[in-house]
Amino acid sequence: MKSILQFVKAGFIYFVAWLFFLIVLVMSTASFASTLANNRYTFITLITFLSFCVPAFIWIKRNKLSLSFMKLNHDIDIKDRTIQVIGILGFDTFMVLVSSILLSLFVTVESNVTPATNVGSLFIDIIIIGLIGPFFEEFFFRGLLLDRLSVYGPKVSIIIISLIFGILHFNWVASVSTVIMSLLLCTYRIKNKDLYTCLAVHILFNITSTLGAYFDGNFYDIYAIIISIVSFIVIVVKRKEIIQTFKEVWLKSSQVESI
């Protein structure tokens, strides 16, 4: 009970610091907002990610938190890493299609990615949404927060992080797909003690979603079908390893081992 109260207290302090810095940052960059008036989501995303920097740094320094999760797992070779990225990316892309179809039966489905209006804004989107966003989200959720919640065990930590991660995307389809992505990435990171495969999946997912919103036609649908088929093949071939991974992570009750 004491550890839970300590975590809630630390989380509240971080949230207040983040909220204060967010307000200051938005006010100080109000003039910059007009340059991105055609892409409100990109601007909000940029401000949100930047607002995480200072409070997160203060939290890390104040609590002397370990950043050992940033170490690269050299035991995973490039071939295995590529296969793992394709498998997770394809499965999550497939779930986006499925969730979009199912949710469209009950609610109005809208993309949370605003299409870029020109090549310049597309470039900004790729940098902010495709690169900066995934880095901060993986660092915070699958890295820092997953380690901090490790005392509650793998299942609890994965579920809490995935629900928070999904809710923060404020969109039905995005929330469903990001919860699924987070469940997979958290499971992978705990089993393989590697954050960089998670980062690669996240970057590729965001970039393809951004490109799909920009280009006319069936670009994203064609890509989604192809990557889903390839992912299905990977899952079939690697099914024993995948099943073993989920058994080790979800069926054990010990705490997450920090890396």
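In this predicted model, the largest nonpolar core comes to 18 residues, and the ones with the most contacts inside it are Ile88, Leu89, Leu185, Val201, Phe205 and Tyr220. Four helices chip in with two or more residues each: H4 (78-103), H7 (172-192), H8 and H9. Apart from this core sits another one, made up of 17 residues, with Leu65, Phe140, Leu146 and Leu195 among them.

Two of the helices feeding the 18-residue core, H8 and H9, also pack against each other. H8 covers residues 196-214 and H9 covers 219-237; their axes lie 8 Å apart, at an angle of about 145°. The crossing is right-handed. On the H8 side, the contact is built from Phe205, Thr208, Ser209, Leu211 and Gly212, while H9 brings Phe219, Tyr220 and Tyr223. Sorted by type, that makes 5 nonpolar residues, 3 polar ones and no charged ones.

Tyr220 turns up in both pictures: it is listed among the residues with the most contacts inside the core, and it belongs to the H9 side of the helix contact. Leaving out residues up to four places away in sequence, Tyr220 touches Phe205, Thr208, Ser209 and Gly212, as well as Thr93 and Val96. Phe205 likewise appears both in the core list and in the H8 side of the contact.

As for confidence, the protein averages a pLDDT of 78, with 69% of the residues scoring at least 70. Residues 28-37 are another matter: pLDDT stays under 50 throughout, and the model has 7 contacts beyond four places in sequence for this stretch. Where pLDDT is low, the predicted coordinates are not something to read in detail.

Technical notes:
Residues are numbered from 1 along each chain as its sequence is written. This is a predicted model: local features need pLDDT of at least 70, side-chain atom pairs count only at pLDDT 80 or more; totals for chains, interfaces and linings use all residues. Side-chain values use heavy atoms; hydrogens and water are left out. Axes are lines fitted to C-alpha atoms, for helices over the stretch in contact, and angles run from 0 to 180 degrees between N-to-C directions. A crossing is left-handed if the near helix is turned anticlockwise from the far one by less than a right angle, and right-handed if clockwise. Contact means heavy atoms within 4.5 Å. Ala, Val, Leu, Ile, Met, Phe, Trp, Tyr, Cys and Pro count as nonpolar, Asp, Glu, Lys and Arg as charged, and the others, Gly among them, as polar. A nonpolar core is a set of buried Ala, Val, Leu, Ile, Met, Phe, Trp, Tyr and Cys residues joined through side-chain atoms within 4.5 Å. Buried means under 20% relative accessible area, exposed over 50%, partly exposed in between (1.4 Å probe, protein chains only). pLDDT is the predictor's confidence in each residue, from 0 to 100.
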